[in-house]
Amino acid sequence: MNKIHLVEINSTNTYAKENIDKFEDKTVIYTDHQTAGRGRFTRKWFDLGSRNLYMTIVLHPGEKFIETYSNLTQYLALKTCKVLEAYGVNSQIKWPNDNLVNGKKIGGILSEAVFKGDKLKGIALGIGVNLNAKLEEVKAIPDRVATALNLEVNKPIDRDKFLDTLVEKFFEGYDDFLKEGFPSIREEYLKYSVLIGENITINHLNKQIQGKFKTINSDGTIQIETTSGSINLSIGDIMG
Ligand code: BTN
């Protein structure tokens, strides 16, 4: 596994995507500062300083895109929960891949696939985790109520140690996950998931859908019971 450290970059995901052919499978790119960090749905990912995690894992799992590759974000969210647990913090997952602590967002994942025609050239699996921030800094983050690990455990966090632990946990089960897919982690993922059984509003392709969050299916999609029946969605943003 290759590890590349950059002092500053626009976004580790953008950099990984633009140079996807140059990086071998399982290359880890991380930076101290992102000048144009991106989140899902064209949101920004804010730079809270060099002691926070901004990392992209470059993967070349195969040339034909399969469903399991979309579920890598959920796999990584689960691994992030495990690492946070090792710091004594209970973390939850808001479908599909937001990491929360006490309802506050601590980490987010952005996975982007690069294609040439219908051939998959690679995947840039990016994650940001707030590790060291001041309360006023996390309060200034728009869109979401956020937190940082140091604020939860009342001590500074060693960014490099956190990164190494997460990368190690990620690759520990990665090959098996590629073979077995989301069903192999579903039970555990469900245990960490919030809002199941509750009425939710989800933004789906610029449309708001309301209904009861029934479960997460074996392909990782969310099942929602609406007034006009049950639907499954593979993308969306649960509001609130
Ligand atoms: C989200 O919660 O919407 C996803 C946030 C993903 C942020 C990470 S930070 C490292 C990588 N580079 C980016 O520009 N984004 C991801």
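Is Asn 97 buried or exposed? Asn 97 is buried, because its relative accessible area is 3%, under the 20% limit. Keep in mind as you look around that this is a predicted model. The points below start from Asn 97, then visit the ligand, the nonpolar cores and a five-stranded sheet.

**Asn 97 and its surroundings**

- You will find Asn 97 in the loop that runs between strand E4 (92-94) and strand E5 (98-101).
- The side chain of Asn 97 makes a polar contact of 3.0 Å with the side chain of Thr 73.
- Beyond its neighbours within four places in sequence, Asn 97 is in contact with Arg 40, Thr 73, Ala 77, Gly 107, Gly 108, Ile 109 and Tyr 189.
- One of these partners, Arg 40, leads on to the ligand, since Arg 40 is among the residues that come nearest to it.

**The ligand site**

- There are 19 residues around the ligand, and Ser 11, Gln 34, Arg 38, Arg 40 and Lys 105 come nearest.
- Arg 40 places a polar backbone atom 2.6 Å from an oxygen atom of the ligand.
- For Lys 105, a polar side-chain atom lies 2.6 Å from a ligand oxygen atom.
- A nitrogen atom of the ligand has a polar side-chain atom of Thr 12 at 3.2 Å.
- On its own the ligand has 420 Å² of accessible area, and the protein covers 99% of it.

**Nonpolar cores**

- In soluble globular proteins, nonpolar side chains tend to be buried together.
- Here the largest nonpolar core has 52 residues, and Leu 53, Met 55, Leu 59, Leu 72, Phe 162, Phe 170 and Ile 222 have the most contacts inside it.
- Helix H3 (residues 72-86) gives the most to this core, with eight residues.
- Apart from this core lies another of nine residues, including Ile 9, Ile 20, Phe 23 and Ile 29.
- Not counting residues up to four places away in sequence, Leu 59 touches Leu 72 and Phe 170, among others, and also Asp 25 and Lys 26.

**The open sheet and strand E10**

- Five strands, in the order E11-E10-E9-E8-E12, make an open sheet with antiparallel pairing.
- E11 and strand E12 (237-238) are the edge strands, each pairing on one side only.
- Strand E9 (residues 207-216) pairs with strand E10 (residues 222-226) over four antiparallel bridges, with Lys 212 opposite Glu 225 and Phe 213 opposite Ile 224.
- The hairpin of E9 and E10 has five residues between the strands, and Gly 220 there takes a positive phi near 90°.
- On its other pairing, E10 meets E11 in the antiparallel sense over five bridges, and Ile 222 stands opposite Leu 233.
- A hairpin of two residues joins E10 to E11.
- E10 has a covered face made of Ile 222, Ile 224 and Thr 226, while Gln 223 and Glu 225 form its uncovered face.
- Ile 222 thus belongs to two of these descriptions: the covered face of E10 and the residues with the most contacts in the largest core.

**Ser 230 on the edge strand**

- Ser 230 is found in strand E11 (residues 229-233), one of the edge strands.
- Ser 230 counts as partly exposed because its relative accessible area of 44% falls between 20% and 50%.
- Leaving aside neighbours within four places in sequence, Ser 230 is in contact with Gln 223, Ile 224 and Glu 225.
- Lys 212 is 18 residues from Ser 230 along the chain, and their C-alpha atoms are separated by 9.2 Å.

Technical notes
Residues numbered from 1 in each chain as written. Predicted model: local features only at pLDDT ≥ 70, side-chain atom pairs only at ≥ 80, totals over all residues. Heavy atoms only, no water. Buried < 20%, exposed > 50% of the residue type's maximum accessible area, 1.4 Å probe, protein only. Contact = heavy atoms within 4.5 Å. Pairing = 2+ DSSP bridges. Core = buried A, V, L, I, M, F, W, Y, C linked by side-chain atoms within 4.5 Å. Near = heavy atom within 4 Å. Polar contact = N/O pair within 3.5 Å; in protein donor to acceptor, adjacent residues only side chain to side chain. Areas by Shrake-Rupley, 256 points an atom, 1.4 Å probe, with all protein chains shown as cover.
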